[in-house]
Amino acid sequence: MIDVQLMGLLNATLQAATLLFIAALGELITEKSGILNLGVEGMISVGAVSGFITAINTESLFLAVIVGVLSASAFSSIHAFVTVVLKQDQTVSGLILTILGLSLSSLIGKPYVGKKLEVKLTSLIDIAEPSNIFQVLLNQNLIFYIAILLMIFTAYILKKTMFGRRIEAIGEDLKSADSMGLKIAKTQFIATCVGGAFAGLSGVYLTLSYVPYWTDGMTSGRGWIALALVIFGGWKPYRTAFGALLFGFLEALGPRLQTYGFEMSPYIVKITPYIITILVLVFLTIIKNGNTGAPKNIGIPFFRENR
Amino acid sequence: MSSPILEVKSVSKSFGNIKALDNVDFYLQKGVVHGLLGENGAGKSSLMNVLSGIYLPESGTIKIKNQNIHKMNPDIASSFGVGMVHQEFRLIESFTIKDNLTLSKANIFTDNFEEAYEKYSEIFTLNSSYLTPINELSVGEKQKVEIMKLIFKNSEIMLLDEPTAVLTPQETLQLKESLDQLSQEDDKTIVLITHKLKEIKDFTERIFVMKNGKMVAKNLETEKVTDQELIELMMGEVKTSNFKKDNKKGDVKLEVKDISLTNSEQFKSLDDISFTIQSGEILGVAGVSGNGQVELANVICGIEKEFQGRVLINSQDVSKKGVKSRKKLSLSYIPENRLGVGLAPGVSVLDNSAIKEYFKASYGPHLSKGKMLGYLNDLIKQFAIKAPDVKAEISTLSGGNMQKLLMGRELISNPEVIVAAQPTRGLDVSAVEAIHKLIINQRDKGSAVLLISEDLDELFKLSDRIIVLYEGRVVKEVGIDSATIETIGYAMAGIDE
Amino acid sequence: MNKYILSKKLYRNELATFYSFLIGFLIALAVGSLILFIQEKNPFDVFSLMLKLSIGSVNSLSNSLNKAIPLILAGLGISIINSVKLWNIGAEGQIFMGAIALNFVYINTSINNSQIYILLLLVSGFLGGAFCILFPAITKVLFGVNEIITTLLTNYIVFGLTIYLINGAWKDPASLNFPAAAYVNESVYLPTVLGKLSSGFLICILFTLIAYYIKDKSVFGYEMRIAGGSELTAIYAGISAKQKAFFAMLIGGGFAGLAGAIELLSQTHRVSTGISQGFGYTAIIVAAITGMRPIGIFLVGCLFGALTIGGSVIQTIGVSSYIAEIIQATTLFGALIAQFFFSYEILKKDEND
Ligand SMILES: Nc1ncnc2c1ncn2[C@@H]1O[C@H](COP(=O)(O)OP(=O)(O)OP(=O)(O)O)[C@@H](O)[C@H]1O
Ligand SMILES: [Mg+2]
């Protein structure tokens with residue numbers, strides 16, 4: 001019996017982690033190029049609602065995923081335009097992207113609140129009560145595997161390819177990258193839209209599999225935890241994945257505490273991930289002496305003729 | 001003479017109301033090492049930045065290899081074979097040498113990197129593996145990587161903006177040998193900017209000189225010009241002092257004893273400096289920027305705290321005291337970095353005018369705008385500052401008026417000790433004149449003045465004594481009567497007579 | 001050479017922020033119209049109805065101004081913190097914390113003089129807000145922990161705490177299907193001054209002036225400006241930038257906490273999840289769009305309060321209330337776009353080669 005419980009916990013951990021991880025990985029790519037996008041929460045929300053609506057109306061999951069990803073990416077291009085092309089403040093723009101994303105998705109999602117999804121992203125192989133780790137892994141749906149591929153792919157691109165090194169070069173040192181002839185505006189624009197696309201994928205995972213329904217504010221701060229995860233992971237894909245598992249575990253553990261004999265108010269359980277996120281962030285900043293490994297030129301608008 | 005490989009005609013570039021380049025003509029001969037000389041702010045870096053596609057000029061034309069350039073950016077410049085080593089490093093610190101050498105799209109050694117690295121690291125005597133991150137290299141090694149970057153981009157035209165400023169004499173010598181080898185073997189065209197005349201003499205065949213955004217001398221043959229001619233071209237006609245030097249000197253007001261400062265990289269930016277200044281005396285500090293001037297001023301004024309040695313104001317040891325308590329002992333500091341240290345960017349003229357003594361305009365927590373305004377109006381009147389709108393951001397003032405505001409703010413309270421760093425840098429003639437009068441006036445009121453400047457004209461005009469800083473050391477100290485432009489100029493350029 | 005050159009302007013029009021706001025608002029109205037159009041509503045009808053129902057009568061106007069109170073107070077707090085170039089994304093949590101602190105003091109004390117009691121409760125609200133940002137403030141100045149993320153995450157913590165309290169220790173048995181704490185006694189309600197307009201609005205005016213005073217007229221505000229302008233200048237002037245940052249954050253948090261207290265004493269009269277409906281987030285827009293100027297925050301806060309009321313009343317004709325939020329956020333985006341043209345110019349080079 002314990003085993004089944006444990007496997008349930010593991011399963012829930014993987015699901016929660018997938019959701020957080022995809023968004024964090026997208027933000028990681030954006031930030032590597034030197035753009036800070038605080039709009040993750042809004043982008044996830046846009047992806048979630050547009051994917052959900054598409055799934056309801058077309059009953060095509062494939063289409064739903066595509067629409068969710070593309071609409072979040074298109075939405076993030078607002079941030080790219082304002083900060084990269086118009087060189088405006090990235091903090092302000094990102095915050096507003098979150099606010100706009102949440103209200104926009106509430107607006108278009110309103111008629112769909114409470115609707116039931118006829119189709120749902122299914123597991124690779126559906127196993128009702130998985131009893132070992134393999135079965136749990138097989139029990140995940142396609143997006144989980146896509147997330148793993150994206151992780152490997154992103155880590156490889158960033159570390160091992162010219163293309164990735166150039167993205168990182170820009171985020172590290174705009175002026176040096178520019179004098180190397182690298183295309184700053186283009187790279188940052190694309191990296192921001194890729195970040196949006198990833199957030200969108202995380203969003204469709206939320207409404208097509210994790211929850212699966214649509215209601216206002218259902219992203220409940222996951223975009224912000226994803227932002228913290230990027231810091232936690234020191235802007236490295238694998239470490240970010242580890243962080244996502246950790247936070248996913250916390251999220252999954254909460255509702256199960258009682259079954260393990262812990263008496264704790266469910267309301268308090270719900271806020272522990274946020275508390276732990278903050279504590280971890282503080283702890284990390286302290287041990288790294290304020291130097292968390294952020295791209296050095298993150299958040300700085302680039303104008304070539306500036307000194 | 002064959003047609004030039006690069007030709008610039010009547011290029012102009014302004015930043016706000018500063019004309020960095022004013023109708024500049026410039027040309028380079030293939031395979032020749034050219035020197036570009038000029039005082040700080042003359043426009044040398046701006047011109048190089050135009051050539052490498054960083055700055056877009058408002059007017060003028062550029063022709064490279066007989067082709068008119070219609071669109072410019074760093075990428076296009078590279079494709080025409082123009083490469084630049086910037087005054088500040090353009091290296092990605094956390095990346096390896098290899099990354100820095102190969103990330104540029106113009107890199108030619110994609111397949112045979114290791115071979116090429118071996119060859120050129122030998123030419124440049126760089127003994128590090130290409131997997132070493134830049135931040136583990138010494139300053140000299142970084143400079144070598146910078147120059148190697150150009151070779152890996154296959155730049156035929158190499159623009160080197162003060163590459164030797166950060167090098168030791170031995171490293172400079174090495175650099176010369178490698179550059180010689182390159183210009184002979186690979187027929188590279190090179191522009192070298194440096195403030196050190198000796199290097200210009202040693203390295204170059206042709207010399208261009210800029211002053212105040214204009215090209216004042218073109219294509220001089222290095223072998224045929226004298227140092228004195230160059231110094232005059234760069235610094236203008238050397239005027240004799242207009243101020244009388246019969247000022248009375250009194251007690252010692254500022255004393256600096258055995259000051260040394262070691263930075264994090266174990267580099268000694270100040271090395272055992274001692275001097276005194278009396279009341280009514282101006283001590284001039286000559287030197288090319290980056291030889292310890294900023295550090296010296298910061299030590300005296302309490303901003304830099306981790307130094308060895310002692311600082312005494314009015315015979316009182318203030319070595320351990322903070323900024324505010326030194327100010328209370330009647331010390332004023334006019335920092336070299338006008339906007340960013342002396343004045344806060346993005347903040348109004350009014351606020352900036354009160355930084356020294358804002359607490360005098362306060363009643364408890366209340367800050368009297370009226371008092372501040374009154375004080376600012378005094379400043380504006382007394383120092384003839386043109387400030388169209390005192391509530392506007394400080395950057396709306398011209399450089400000269402910014403400096404007058406800063407000077408006025410620091411001088412109006414009649415301080416006993418004044419540290420002034422580059423007080424006239426980048427200012428036009430009339431503003432310079434006004435600032436000079438202020439300093440002399442202060443001297444006559446009995447202040448002890450430490451005047452840090454790179455402008456020899458200014459130092460001769462104002463100082464009673466001059467010391468020369470070179471690589472953090474005082475390499476020369478002379479009274480004004482026995483000093484000559486040449487001896488000081490030589491010492492600044494690191495030449496022992 | 002390149003035909004068009006982008007060049008940074010040295011002088012920025014003094015009224016650039018104001019013009020940008022106007023342009024942004026127009027863009028936002030256009031976007032709002034487009035959305036309404038897609039939803040097959042006549043934008044003109046909707047907007048005129050919004051106008052009528054938000055400022056058309058004393059009652060609706062006072063509703064609008066009541067809504068403006070938390071927006072203004074939280075916005076002022078954000079603007080004070082931004083004097084040292086830091087961000088407070090935690091106003092939402094601070095508003096809740098203000099209400100929680102108020103209720104805590106209310107439960108544990110009893111004072112007969114209701115005026116003094118109200119004053120005490122308001123002060124508790126302020127302190128609650130300050131307490132809420134204490135941890136982010138300490139970790140920011142001591143260790144440099146990213147304050148954007150810590151303040152934001154505290155929102156979720158405080159919201160969770162609120163739910164915990166109103167479902168547990170403070171649960172009002174009388175409130176069956178809507179969990180909430182017990183009502184406070186009518187004697188501590190903030191009186192109304194005109195129609196339904198709460199006297200909280202007067203407090204709001206007072207605090208606008210206080211914020212204006214702190215930012216513009218006090219030594220502290222001056223030191224914050226210098227520290228925010230350039231850390232090197234602060235060092236040069238002997239000002240401790242860290243200390244200024246710490247106190248700025250506490251005061252800013254206090255402003256938002258006060259908003260929560262006023263909301264409780266004048267609108268909800270008890271702790272519930274309705275204490276704030278995203279006011280802390282809208283306040284970020286209000287503060288950013290005015291370039292962090294207190295008087296501007298007051299005016300835009302009133303406008304956005306009206307928009308919020310207008311948004312909620314048009315639900316009756318089947319238009320989503322989110323239109324108002326979208327207009328608010330789009331205004332800021334539009335303003336950012338306009339800002340670009342006030343800070344840069346595009347020079348055209350005459351072709352003569
Ligand atoms: N990006 C910029 N923004 C604003 N002003 C600039 C910029 N670049 C140069 N200037 C101004 O143009 C003038 C010329 O500067 P430049 O850097 O070309 O001088 P320089 O001859 O290289 O001096 P130095 O010997 O100190 O390096 C100076 O007044 C400088 O302040
Ligand atoms: Mg230069």
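## Two interfaces, a magnesium site and two buried residues

Between chain A and chain C there are three residue pairs in polar contact, both residues of each pair being at pLDDT 80 or more; a polar contact is a pair of N or O atoms within 3.5 Å, where within protein one must be able to donate a hydrogen and the other to accept it, and where residues adjacent in sequence count only if both atoms are side-chain atoms. This is a predicted model, in which local features need pLDDT of at least 70 and side-chain atom pairs count only at pLDDT 80 or more, while totals for chains, interfaces and linings use all residues. Residues are numbered from 1 along each chain as its sequence is written, chains are lettered from A and ligands numbered from 1 in the order in which they are written, and side-chain values use heavy atoms, with hydrogens and water left out.

### Chain A with chain C

In this interface 46 residues of chain A are in contact with 45 residues of chain C, contact meaning heavy atoms within 4.5 Å. The number of salt bridges between chain A and chain C is zero, a salt bridge being a side-chain nitrogen of Lys or Arg within 4 Å of a carboxyl oxygen of Asp or Glu. On the side of chain A that touches chain C, two or more residues come from each of helix 3 (61-85), helix 4 (90-109), helix 10 (222-232) and helix 12 (266-287) of chain A; helices (H or I, at least four residues) and strands (E, at least two) are DSSP runs, numbered from the N terminus. Sorted by class, this side of chain A holds 30 nonpolar, 12 polar and four charged residues.

The table gives the buried area, which is the accessible area (1.4 Å probe) that two parts lose on being put together, summed over both.

| Interface | Area buried | Share on carbon and sulfur atoms |
|---|---|---|
| Chain B and chain A | about 1,900 Å² | 54% |
| Chain A and chain C | about 4,000 Å² | 83% |

Of the area that chain A buries against chain C, A:Leu107, A:Tyr267 and A:Ile278 supply 15%, more than any other three residues.

### Chain B with chain A

Here 22 residues of chain B are in contact with 19 residues of chain A. The rule finds three salt bridges across this interface, and in a salt bridge the side chains of B:Lys13 and A:Glu305 meet at 2.7 Å, N to O. Nine residue pairs are in polar contact between chain B and chain A, both residues being at pLDDT 80 or more. The elements of chain B that give two or more residues to this side are strand 1 (6-15), helix 2 (74-79) and helix 3 (97-102), and helix 3 of chain B has the largest share, three residues.

### The magnesium ion

The magnesium ion (ligand 2) has the protein donors B:Ser45 (OG) and B:Gln87 (OE1), lying 1.9 to 2.2 Å from it; donors are N, O and S atoms within 2.8 Å of the metal (3.2 Å for Na, K and Ca), and sites may look incomplete because water is not among the atoms. The pair links distant parts of the chain, 42 residues apart, with B:Ser45 in helix 1 (residues 44-51) of chain B and B:Gln87 in the loop between strand 6 (82-85) and helix 3 of chain B.

### Two buried residues

A:Phe247, in helix 11 (residues 237-253) of chain A, counts as buried because its relative accessibility is 3%, where buried means under 20% relative accessible area, exposed over 50% and partly exposed in between (1.4 Å probe, protein chains only). Not counting residues up to four places away in sequence, A:Phe247 touches several residues, among them A:Leu20, A:Ile225 and A:Phe232. B:Thr189 lies in strand 8 (residues 189-193) of chain B, and B:Thr189 is buried, with a relative accessible area of 0%.

How values were computed
Ala, Val, Leu, Ile, Met, Phe, Trp, Tyr, Cys and Pro count as nonpolar, Asp, Glu, Lys and Arg as charged, and the others, Gly among them, as polar.
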